[in-house]
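Thanks for coming. I have one structure to go through today, and I will keep to local features. Please have the viewer open while I talk.

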Amino acid sequence: MPPYSHFSRRRLLALPLCALLFSAGLARQQPAQQPPPPVRPEEPDEVVRVTTEIVQTDVTVVDGDGKFVDGLKAGDFELKVDGKPQAIQFFERVAAGGLDEDAQLAAARGGGGGGRGGPGPAGAAVPLDRGRAIIFFLDDFHLSPASIPRTRKMLTRFIDAQMRQNDRVMIVAASNQLGFLQQLTDDKAVLRAAVARLSASRQQSVSDHERPTMNVVQAIAVEEGNSSVLEFYIDQTIKDNPAFSAGSPESQRIQAANHVRRRAVSLIQTAASAAGRTLESLRGLIKTSAQFPGRKLFYFVSDGFEVETRRSNTLDLIRRVTDAALRSGVVVYTLDPRGLGAQLADLPSAAIDSPADTSGRLAGAGLSTATATQAPLRTIADETGGRAILNTDNFEAGITRALKETAVYYLLAWRPEGEGNRGGKFRKLEVGVKGRANLTVLVQRGFYASPPEDAGRRSEKRAGGAAPATAGATAAPGATAQAAGRKELIAALFSPVPRSAVPTTVTLNFVKTLETDVLLSVSMSVEIDATPAAPAAGGKPQADRVEFLGQIYDAQGKVVYNFQRVITISPQADETVTPVLPTHNFSLTFQAPVKPGLYQVRAAARDQKNGRTGSDSQWIEIPDLSNGSFSLSSLLLGNRPAPDGKGDAAQTPQLIIEPDRRFARDSRVRFLVYAYNAALNAGQPDVAVQVQVFRDDQPVVTAPLSRVTTEGLAEFSRIPYIAEFPLTNLPAGRYTLQLTAIDRVAKASAAQRIKFAID
């Protein structure tokens with residue numbers, strides 16, 4: 001188990017410039033013991049947006065040019081359920097990812113006497129200080145090998161050029177092939193790793209390998225009684241299969257017809273199964289995303305699939321997706337990565353053994369594979385309030401359009417009336433702008449008043465539910481409480497969204513030691529309720545205990561280190577517990593040697609006094625410093641230390657790290673970085689740095705290029721650079737500090753970025 005340091009202040013470390021970054025007491029660590037078996041997170045609780053009392057509906061209104069129509073009021077809208085008008089109880093204009101979005105959504109759930117009733121200040125939305133949740137759902141069950149590289153290119157372009165500073169993005173594959181990397185994050189290294197892992201090996205082939213070949217569109221035509229297609233396959237089957245050539249002509253045709261119909265049904269069932277896996281996966285992800293704050297934008301990326309309505313439940317599954325989207329605040333834009341090439345699906349190809357249609361019966365049937373496969377993409381987009389991005393190779397424009405269209409929306413909350421709030425029937429939702437037929441209203445088009453059960457839960461009920469406890473087996477009250485507390489702590493650790501009942505911050509840094517090891521430093525800071533714990537029997541003050549649990553994962557999701565500890569906070573100093581802390585803000589820090597690669601650290605804390613939990617997770621990429629390439633350590637960000645009466649703090653080469661990276665506007669932020677493997681010219685390095693501060697991707701501070709002084713350094717394998725800047729002229733908000741270092745001898749560069757906030 002790696003050792004820990006316990007600090008009574010949120011500020012973690014005072015760092016002298018010439019010293020090793022971390023204290024000698026936290027030197028090289030041994031790997032943690034073998035981790036326990038992985039614990040599966042529990043199914044997340046759903047954020048309720050649809051109840052019998054209140055329904056929240058997100059509405060986007062655009063004009064013919066695709067521009068958001070601002071200035072509308074509640075009275076401009078007409079909302080119907082199954083054709084019956086519904087009164088709007090709450091109305092608000094909301095900027096997606098804006099500062100006020102959470103409060104506006106919470107007010108709508110409360111259903112109080114309505115919102116402001118107007119659009120607020122005209123013009124652009126407030127800066128996206130929180131950022132938006134953007135999720136790419138890749139239907140790799142229906143992505144052809146040719147579509148995979150186009151999808152990778154599209155995603156890479158989005159990450160590099162379209163992803164904003166505060167956006168959080170998730171890339172998910174329907175087959176789960178991206179594994180541990182399928183997480184909502186603002187770390188571009190994680191997203192690039194997910195893109196690199198995407199492969200075409202999961203595509204579901206729908207074929208029976210019989211002659212003449214038959215695709216799903218043709219199978220559906222046979223099933224739906226298209227005589228031209230059926231007769232063609234009867235004739236070809238008799239011709240290509242000697243088994244059907246015996247007997248009378250009438251007998252031959254009856255046998256061949258039965259065989260063709262069986263083939264069609266089999267193909268339809270196989271296709272429906274693949275479509276079902278995709279839609280169930282999409283619905284599950286949408287339900288999970290309910291925990292993410294604000295409105296979520298989904299891009300459903302797929303080559304499409306065929307839908308047969310008589311035997312499959314695909315349309316019902318799409319309704320379930322629509323219901324989940326309304327409940328979770330999700331809008332789905334579908335995207336076909338085949339682009340203009342989608343229409344080639346209807347052309348003969350040497351790679352496909354197509355049956356020779358000399359009679360023209362297949363062509364005359366008007367079957368279009370491209371149209372059929374894109375039909376569910378159009379339906380999903382229409383039903384969930386988005387649009388279908390089809391038959392275009394300009395994916396960047398389509399993605400940008402979706403981002404713009406969903407950046408601002410109207411939030412309508414209403415109470416279902418009459419029969420609309422009972423039963424499991426799917427309710428049709430319609431929203432329009434009175435007297436403005438020229439406007440386009442994008443909205444989720446339906447919901448179930450009682451949400452449909454998942455298949456797994458239905459099976460559980462049919463089987464009689466969970467197994468009863470063993471007769472006579474009872475747990476002691478203390479053991480039961482301890483197990484429940486442990487369960488809550490584990491649930492907090494795996495929560496898709498950080499829990500904040502106990503404010504928790506994880507800070508990650510790495511440095512290279514003089515012994516050439518790379519150490520990952522994990523600092524976990526918490527704020528504990530200062531209310532004393534209830535007195536124990538006899539009125540003696542009771543100590544408060546805080547449990548910590550954390551794990552370090554590699555990019556494959558393997559646990560490489562564990563840490564756990566219980567800290568005791570006593571109301572009185574004595575010999576049996578930790579001395580009294582001046583505040584209940586404190587930190588744990590531990591280190592572990594790591595290899596180059598991508599890592600995630602998850603950590604959770606639980607206050608035993610009240611059962612509250614908190615959690616946080618962070619990613620960090622450790623470069624390979626052993627190959628001699630020019631590299632930088634993490635950026636260490638903090639405050640200038642206060643004067644100690646012995647000199648000017650501005651001249652003191654130290655900084656005090658702020659783990660939550662939040663600063664007051666009257667602060668002077670100080671930062672430290674180490675440059676590794678700088679080349680030498682005549683025994684001396686020549687390294688220069690440029691510092692920039694960004695807000696919403698726009699530079700607000702740009703310092704001139706500055707040479708790093710190496711005066712007083714005995715060796716140059718690790719060159720420190722420390723500097724500071726005032727925050728006085730910067731408004732409150734979220735920022736990114738970027739430091740770019742240039743090795744002018746080797747003509748190489750490296751950069752590091754770190755986010756911080758000004759209160």
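A residue counts as buried under 20% relative accessible area, as exposed over 50%, and as partly exposed in between. At 29% relative accessibility, Arg 499 therefore counts as partly exposed. This is a predicted model, so please treat everything that follows as computed from it.

Let me stay with Arg 499. Glu 488 is its salt-bridge partner, with the closest N and O atoms 3.4 Å apart. Glu 488 sits in helix H12, residues 477–494, while Arg 499 is in the loop between H12 and strand S15 (504–512), so the bridge ties together parts that are eleven residues apart in sequence. Glu 488 has a relative accessible area of 36%, which makes this residue partly exposed too.

How many salt bridges does the structure hold? The count is 23. Another of them joins Arg 93 and Asp 70, with 2.9 Å between the closest N and O atoms. Arg 93 belongs to strand S5 (residues 88–95) and Asp 70 to the loop between strand S2 (55–62) and strand S3 (77–81), so this pair connects parts 23 residues apart in sequence. The two ends differ in burial: Arg 93 is buried, at 10% relative accessible area, whereas Asp 70 is partly exposed, at 32%.

Next, Glu 547 and Arg 606, whose side chains form a salt bridge at 3.0 Å, N to O. This one links distant parts of the chain, with Glu 547 in strand S17 and Arg 606 in strand S20, 59 residues apart. Both residues are buried.

That brings us to S17 itself, residues 544–554. Ten of its eleven residues are buried, so to speak of the strand as mostly covered is fair. S17 is joined to strand S18 (residues 559–569) by ten bridges, and the two run antiparallel. In that pairing, Val 546 stands opposite Ile 567. The two strands form a hairpin with four residues between them, and Gly 557 in the turn has a positive phi of about 85°. S17 is also joined to S20 (residues 597–607), by nine bridges and again antiparallel. Here Ile 552 faces Val 601.

There is also a parallel sheet. It is open, has five strands, and follows the order S7-S6-S8-S9-S10. Strand S7 (168–173) and strand S10 (388–389) are at the edges with a single partner strand each, so each has one side without a neighbour in the sheet. Within the sheet, strand S6 (residues 133–138) pairs with S8 over six bridges in the parallel sense. Ile 135 stands opposite Phe 298 of S8.

Following the chain out of S8 takes us to Asp 303, in the loop between strand S8 (296–301) and helix H7 (314–328). What is the nearest side chain of opposite charge to Asp 303? It is Arg 338, 4.2 Å away. The salt-bridge cut-off is 4 Å between a side-chain nitrogen of Lys or Arg and a carboxyl oxygen of Asp or Glu, and Asp 303 is buried yet has no salt bridge. The side chain of Asp 303 does make a polar contact with the side chain of Ser 147, at 2.8 Å. Beyond its sequence neighbours up to four places away, Asp 303 touches several residues, including His 142, Leu 143, Asp 336 and Thr 373.

Now a helix check, on H5, residues 227–240. Its 14 residues at 1.5 Å a residue should span 20 Å, and the end C-alpha atoms are 20 Å apart, which agrees. At the start of H5, a side-chain oxygen of Asn 226 comes within 3.2 Å of the backbone nitrogen of Ser 228. Among the buried residues of H5 are Val 229, Phe 232, Tyr 233 and Gln 236.

Last, some backbone geometry. The peptide bond between Arg 211 and Pro 212 is cis, with omega about -5°. Pro 212 is in the loop between helix H3 (188–197) and helix H4 (216–223). Asn 391 is not a glycine, but has a positive phi of about 55°. Asn 391 lies in the loop between S10 and helix H10 (395–405), and is partly exposed at 28% relative accessible area. Asn 677 also has a positive phi, near 65°. Asn 677 is in the loop between strand S26 (668–676) and strand S27 (687–695), and counts as buried at 18% relative accessibility.

Methods: Residues are numbered from 1 along each chain as its sequence is written. This is a predicted model: local features need pLDDT of at least 70, side-chain atom pairs count only at pLDDT 80 or more; totals for chains, interfaces and linings use all residues. Side-chain values use heavy atoms; hydrogens and water are left out. Buried means under 20% relative accessible area, exposed over 50%, partly exposed in between (1.4 Å probe, protein chains only). Lys and Arg count as positive and Asp and Glu as negative; His and the chain ends are not counted. A polar contact is a pair of N or O atoms within 3.5 Å; within protein, one must be able to donate a hydrogen and the other to accept it, and residues adjacent in sequence count only if both atoms are side-chain atoms. Contact means heavy atoms within 4.5 Å. The expected span of a helix is 1.5 Å times one less than its number of residues. Two strands pair if DSSP finds at least two bridges between them.
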